Amino acid sequence: MSILHTVNKSPYEKNSLDSCLSLASEGSALLLIEDGIYAALKGAAKEPRMKEAAQKMKLYVLGPDLKARGMAEDRVIEGIEVVDYAGFVDLAAAHDKVNAWL
Amino acid sequence: MKFAIQVNEGPYQHQAADSAYQFTKAALEKGHEIFRVFFYHDGVNNATKLTTPPQDDRNIVNRWSELAAQYDLDLVVCVAAAQRRGIVDEGEAKRNGKDAENIAPGFRISGLGQLVEAGIQAERLVVFGD
């Protein structure tokens, strides 16, 4: 059973990212959307946590939401893949469930 | 693949309403089926035809209606959430003694059972909210 988790909150505002990462099982995937994209930025406080998470799960960030917040793709931590909405749909189809950490 | 979408937030209030639309559109363009889009909580505000955003802004309500017309989508508004927020169709107006209706084209008002059914019938339920 593989799950695609979506997190739409900044980790500097809410703790839904930490809740997700501590409960997500190995082999699952996380897609950062909306304000969740702030977790994907290099040099920020959450970078070590994200790099650790990348060891056990696949990490993605939604490109249009990065752009909407003025963040260039080269600011994204290595190991986090940038996808568009079509990529979001592909991820949802490729996993057994989609779990939104609202 | 068969998707169901749940929208919990209103237009111009939270990005969830935009994210849900963009996901739904991308899924349809990739040839997937959208079994139903269910509007719950403040999400029912996506269904008022009385909204008039500035001309240079996106019209979130019309965008849903147009997508529904193009792809024959089933856009369902939760009746209990709609009654609380003044989202009314002809039947609800009559039933509750209101002198107007405001449901946008392509939307229909129904119950929570429609969400349960969507969760069962669709292969994936994708939720957008705050």
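In which sense do strand β3 (residues 58-62) of chain A and strand β4 (residues 80-83) of chain A pair, and over how many bridges? Select both strands to begin the tour, bearing in mind that this is a predicted model. The pairing of β3 and β4 in chain A is parallel, and it runs over four bridges. Within this pair, A:L62 can be picked out standing opposite A:V83 of β4(A). If you then follow the chain onward from β3(A), the path leads through helix α3 (residues 63-68) of chain A before arriving at β4(A), and this β-α-β crossover is right-handed.

Next, select helix α1 of chain A, residues 16-23, and colour A:S16, A:L17, A:C20 and A:L21, which are buried. Looking down the axis of α1(A), you will find that these buried residues fall within an arc of 130 degrees, so they line one face of the helix. An α-helix has 3.6 residues a turn, so residues three or four places apart point the same way. To see what the buried residues of α1(A) pack against, add β1 (3-7), β2, α2 and β5 (97-101) of chain A to the selection. Turning to the face of α1(A) that points away from its buried side, you meet the exposed residues A:S22 and A:L23.

Stay in chain A and move to A:E34, in the loop between β2 (29-32) and α2 (47-53). The backbone deserves attention here, since phi of A:E34 is near 50 degrees, a positive value in a residue other than glycine. Is A:E34 buried or exposed? A:E34 counts as buried because it has 22 C-beta neighbours inside 10 Å, the cut-off for a buried residue being 20 or more.

A second positive phi awaits in chain B, where B:Y12, although not a glycine, has a value of about 65 degrees. B:Y12 is found in the loop between β1 (2-7) and α1 (16-29) of chain B. With 15 other C-beta atoms within 10 Å, B:Y12 is partly exposed.

For the last stop, continue into helix α1 of chain B and select B:A26. Which residues does B:A26 touch, not counting residues up to four places away in sequence? The contacts of B:A26 are with A:Y85, A:A86, A:F88 and A:V89. B:A26 is partly exposed, with 18 other C-beta atoms within 10 Å. Finally, draw a distance from the C-alpha atom of B:A26 to that of B:I120, which lies 94 residues apart from it along the chain, and the separation is 22 Å.

Definitions and conventions:
Residues numbered from 1 in each chain as written. Chains lettered and ligands numbered in written order. Predicted model: local features only at pLDDT ≥ 70, side-chain atom pairs only at ≥ 80, totals over all residues. Helix = DSSP H or I, 4+ residues; strand = E, 2+ residues; numbered from the N terminus. Buried ≥ 20, exposed ≤ 12 C-beta atoms within 10 Å, placed from the backbone. Arc of directions from axis to C-beta. Contact = placed C-beta atoms within 7 Å. Pairing = 2+ DSSP bridges. Right-handed = clockwise from strand over helix to strand, strands pointing away.
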